[in-house]
Amino acid sequence: MNSKQWQREMNRLTGWRQYAFILALAERAFPNYALFAEITEPEWGDRFRDALDWGWRMLAIKDHDVDPLKQLTRLEDVYPDPAEYDFYGVAPAMDAWHLLEQAFLCHVNPEKKRAFDAAARALETVTTFIEVTEGEGLEDDALVKLFDGHELVKAEKSFQKTLAETLRRAPAPDGDTLNELHGMAHNDGVSSLGLEVPERWTNANQS
């Protein structure tokens, strides 16, 4: 599937499905944020985890009273600013933060198409990690070849495709659907980069 075809697929995700897609990407990215928080501001990881859990509750409870604007305000306080942290781990943490921000923004402005850009950011997290860890000194063509054949890239694309397919066939965000989505995204606490969530958050709420 080429980029234009994938964008059309993403644009078909509207309403709760788009929100759930981006929220699941943020859940999958949580270990990346948590690893950053563990060595900088551990309480940030707690607050980010709490925001994620509220995000899942917003899907599970039809008439919830969660204010997405309030959640966005809380997120501002735990933004991993690359200008303040001079090490690679801030980059995937920032990507995770932006994914959760975009999920909450779906509730503020549900008409805006956000899924395609969110999917691209999640994939870029993976390719940047590969470039940093395995691609030093490679020319562009060699990097593209490395990405195309890499297991982490294949896994991320497969996850996104399966996630979108699951959402398209789901009639509503019922309990079984949400358990399936959350389980896929949580992935036993392993992120898109193959990194495990720190023990501090191993027993986090499994919505």
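**Figure 1. Accessible surface and overall dimensions of the chain in a predicted model.** The accessible surface of the chain, calculated by the Shrake-Rupley method with a 1.4 Å probe, comes to about 10,700 Å², of which 48% belongs to carbon and sulfur atoms. Of the 207 residues, 47% count as buried, where buried means under 20% relative accessible area, exposed over 50% and partly exposed in between, with a 1.4 Å probe and protein chains only. Along its principal axes the C-alpha trace spans about 55 × 40 × 30 Å. This is a predicted model, in which local features need pLDDT of at least 70 and side-chain atom pairs count only at pLDDT 80 or more, while totals for chains, interfaces and linings use all residues. Residues are numbered from 1 along each chain as its sequence is written, and side-chain values use heavy atoms, with hydrogens and water left out.

**Figure 2. Helical content of the chain.** The chain contains 9 helices and 0 strands, these being DSSP runs numbered from the N terminus (helices H or I, at least four residues; strands E, at least two). Contacts, meaning heavy atoms within 4.5 Å, were counted at a separation of 6 or more, and residues 24 or more positions apart account for 75% of them.

**Figure 3. Helix α9 and the helices against which it packs.** The 12 residues of α9 (residues 175-186) should span 16 Å at 1.5 Å a residue, and the end C-alpha atoms are 16 Å apart, which agrees; the expected span is 1.5 Å times one less than the number of residues. Among the buried residues of α9 are Leu178, Leu181, His182 and Ala185, and its buried residues pack against α2 (15-38), α3 (42-60) and α8 (151-169). Just after α9, Asn187 takes a positive phi of about 55 degrees.

**Figure 4. Surroundings of Glu27 in helix α2.** Glu27 is buried, with a relative accessible area of 2%. Leaving aside neighbours within four places in sequence, Glu27 is in contact with Arg49, Leu52 and Trp56, and also with His182, Ala185 and His186, and these last three residues are listed among the buried residues of α9.

**Figure 5. Surroundings of Val78 in the loop between α4 (68-76) and α5 (90-108).** Val78 counts as buried at 1% relative accessibility, and its contacts, leaving aside neighbours within four places in sequence, are Tyr33, Trp44, Arg47 and Trp97. The C-alpha atoms of Val78 and Leu195, which lie 117 residues apart along the chain, are separated by 21 Å.
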